[in-house]
Amino acid sequence: MSEAARSLLQRWGASFRKGTDFDSWGQLVEAIDEYQILARHLQKEAQSQPNNSEFTEDQKKTLAKIATCLELRSAALQGPFRKQESTQSQEGFKLEDLKKLEPILKNILSYNKEFPFDVQPVPPRKILAPGEEEDLEFEEDEEEGGAGAGSPDAFPARIPGTLLPRLPSEPGMTLLTIKIEKIGLKDAGQCIDPYITVSVKDLNGIDLTPVQDTPVASRKEDTYVHFNVDIEIQKHVEKLTKGAAIFFEFKHYKPKKRFTSTKCFAFMEMDEIKPGPIVIELYKKPTDFKRKKLQLLTKKPLYLHLHQTLHKE
């Protein structure tokens with residue numbers, strides 16, 4: 001075993017155990033976060049080119065199946081799992097089943113048995129380096145061109161729908177629920193499997209809470225993609241750092257290029273946290289979490305429509 005492979009397996013094994021420990025202790029937010037991070041790493045390795053990987057193609061298929069199981073367990077912790085997203089029953093993927101995969105991951109280099117669960121690797125989708133998508137997007141019209149510096153806007157395939165439950169209330173502290181109602185886009189009907197990634201960042205673009213993905217949009221109509229889904233912000237409002245912002249990245253799948261892409265993004269700053277409806281502007285990708293080089297997506301009156309509810313004891 002090469003030193004690089006040994007190091008990867010040690011890190012993955014530690015992350016796996018950390019996730020299952022959180023899971024068994026009932027710390028669901030932490031377990032979901034750990035499972036999703038590990039699933040992304042395994043997916044990335046499974047999609048790597050042969051000359052850039054420490055693993056054989058068969059071993060990478062097994063890694064991809066483990067990643068699928070991690071996503072299934074993550075989804076099971078958040079409520080009934082939709083049939084179209086899984087070959088498992090609606091009861092979801094159980095912790096005791098997931099634990100059976102730890103020795104497989106640990107011994108991946110010598111594992112040669114049939115995988116214990118009837119799951120399939122998520123179909124490969126291209127993972128792009130930061131800035132690479134802008135080179136591929138030159139054919140899009142002016143209103144959708146990328147500009148500025150920000151996060152990479154292409155991601156490993158994953159099962160959308162990683163919403164987390166509301167935190168326990170604390171005396172004198174405020175919790176925020178944001179209902180994502182709809183987003184206005186001129187080509188809304190053409191978006192495939194659209195969903196929104198929600199994150200809370202400080203001024204340096206560092207995550208302050210776990211990242212959440214909405215399920216795929218409920219419907220598309222005219223110039224709107226409808227979601228009608230509640231996001232529970234995973235930190236009390238009073239504990240958010242000065243200058244923090246809540247980001248909403250609209251993502252969709254591009255079958256010709258085989259990757260999930262960020263089409264645009266929006267954000268809400270702390271002084272905009274007020275009960276009731278709010279519409280916020282859309283900006284061109286790539287997502288600029290530091291909010292330094294912002295360019296509006298369009299001059300048309302198209303926005304992200306939200307509704308905020310504050311909960312205070």
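Buried here means under 20% relative accessible area, exposed means over 50%, and partly exposed is whatever falls in between (1.4 Å probe, protein chains only). All views come from a predicted model, where local features need pLDDT of at least 70, side-chain atom pairs count only at pLDDT 80 or more, and totals for chains, interfaces and linings use all residues. Residues are numbered from 1 along each chain as its sequence is written, and side-chain values use heavy atoms, with hydrogens and water left out.

**View 1. D222 sits in the loop between β5 and β6.** At 68% relative accessibility, D222 counts as exposed. Its phi is near 55°, a positive value in a residue other than glycine. For background, most residues other than glycine have a negative phi, and most peptide bonds are trans. Helices (H or I, at least four residues) and strands (E, at least two) are DSSP runs, numbered from the N terminus.

**View 2. N228 has a positive phi too, near 50°.** This residue lies in strand β6. With 45% relative accessibility, N228 counts as partly exposed.

**View 3. Five strands make an open antiparallel sheet, in the order β5-β6-β2-β11-β9.** The edges belong to β5 (219-221) and β9 (276-281); each has a single partner strand, so one side of each is left without a neighbour in the sheet. From one strand to the next, the twist averages 25° (axes are lines fitted to C-alpha atoms, for helices over the stretch in contact, and angles run from 0 to 180 degrees between N-to-C directions). Two strands count as paired if DSSP finds at least two bridges between them. β5 and β6 (residues 224-232) manage three bridges, with K220 opposite V225 in β6.

**View 4. β2 pairs antiparallel with β11 over nine bridges and with β6 over seven.** On the β11 side, T174 has K312 as its bridge partner. On the β6 side, G184 is matched with Y224. β2 is mostly covered, with eight of its eleven residues buried.

**View 5. I180 is among the residues that touch the most other members of the largest nonpolar core.** A nonpolar core is a set of buried Ala, Val, Leu, Ile, Met, Phe, Trp, Tyr and Cys residues joined through side-chain atoms within 4.5 Å. This one has 33 residues, and F248, M268 and L304 share the top spot with I180. Elements giving two or more residues to this core include β2 (174-184), β3 (192-201), β7 (245-254) and β8 (259-269). Another core, of 31 residues, lies apart from it, with Y35, F93, L105 and V119 among them. Not counting residues up to four places away in sequence, I180 touches several residues, including I196, V198, F227, N228 and F248; contact means heavy atoms within 4.5 Å.

**View 6. E34, in helix α2 (residues 28-46), reaches S15.** The two side chains are joined by a polar contact of 2.9 Å. Such a contact is a pair of N or O atoms within 3.5 Å; within protein, one must be able to donate a hydrogen and the other to accept it, and residues adjacent in sequence count only if both atoms are side-chain atoms. At 14% relative accessibility, E34 counts as buried. Leaving aside neighbours within four places in sequence, E34 is in contact with S15, K18, G19 and F22.

**View 7. A cis peptide bond joins K285 and P286.** Omega is about -5°. P286 is found in the loop between β10 (283-284) and β11.
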